[in-house]
Amino acid sequence: MMDVYSLAIQYYPQLWNKQRIQALVAAGRLTAEQAAEIMGE
């Protein structure tokens with residue numbers, strides 16, 4: 001089973017948008033650092 005971080009890397013930006021990634025950070029499923037890395041910021 002894949003973790004949230006791996007899924008986010010796979011699905012962003014085709015299936016998951018920036019708001020989805022930010023929602024995962026807010027829910028504590030991703031760190032801000034992971035989100036920035038995924039979104040290339």
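**Close-up views of a predicted model**

**View 1. The residue following helix α2.** Just after α2, G28 adopts a positive phi of about 80°, a value that, like every other one in these legends, comes from a predicted model. The helix that precedes this glycine, α2, spans residues 18-26.

**View 2. The N-terminal end of helix α2.** At the N-terminal end of α2, N17 acts as the cap, with one of its side-chain oxygens placed 3.2 Å from the backbone nitrogen of Q19.

**View 3. The packing of helix α2 with helix α3.** Two packed helices are described by the angle between their axes and by the distance between those axes. Here α2 (residues 18-26) and α3 (residues 32-39) pack at about 165°, and their axes lie 9 Å apart. Because angles over 145 degrees count as roughly antiparallel, α2 is roughly antiparallel to α3. The crossing that α2 makes with α3 is right-handed.

**View 4. The residues that join helix α2 to helix α3.** On the α2 side the contact is formed by K18, I21 and V25, which meet A32, A35, I38 and M39 of α3. Sorted by class, this contact of α2 with α3 comprises six nonpolar residues and one charged residue, with no polar ones.

**View 5. Q10 of helix α1 and I38 of helix α3.** Q10 belongs to α1, the helix of residues 4-11, and is partly exposed, because its relative accessible area is 45%. Although 28 residues separate Q10 from I38 in sequence, their C-alpha atoms are 9.3 Å apart in space. I38 is also one of the α3 residues that meet α2.

Definitions and conventions
Residues numbered from 1 in each chain as written. Predicted model: local features only at pLDDT ≥ 70, side-chain atom pairs only at ≥ 80, totals over all residues. Heavy atoms only, no water. Axes fitted to C-alpha atoms, helices over the stretch in contact; angles between N-to-C directions. Helix = DSSP H or I, 4+ residues; strand = E, 2+ residues; numbered from the N terminus. Parallel < 35°, antiparallel > 145°, perpendicular 65-115°, else oblique. Left-handed = near helix turned anticlockwise from the far one by under 90°. Contact = heavy atoms within 4.5 Å. Nonpolar A, V, L, I, M, F, W, Y, C, P; charged D, E, K, R; others polar. Polar contact = N/O pair within 3.5 Å; in protein donor to acceptor, adjacent residues only side chain to side chain. Buried < 20%, exposed > 50% of the residue type's maximum accessible area, 1.4 Å probe, protein only.
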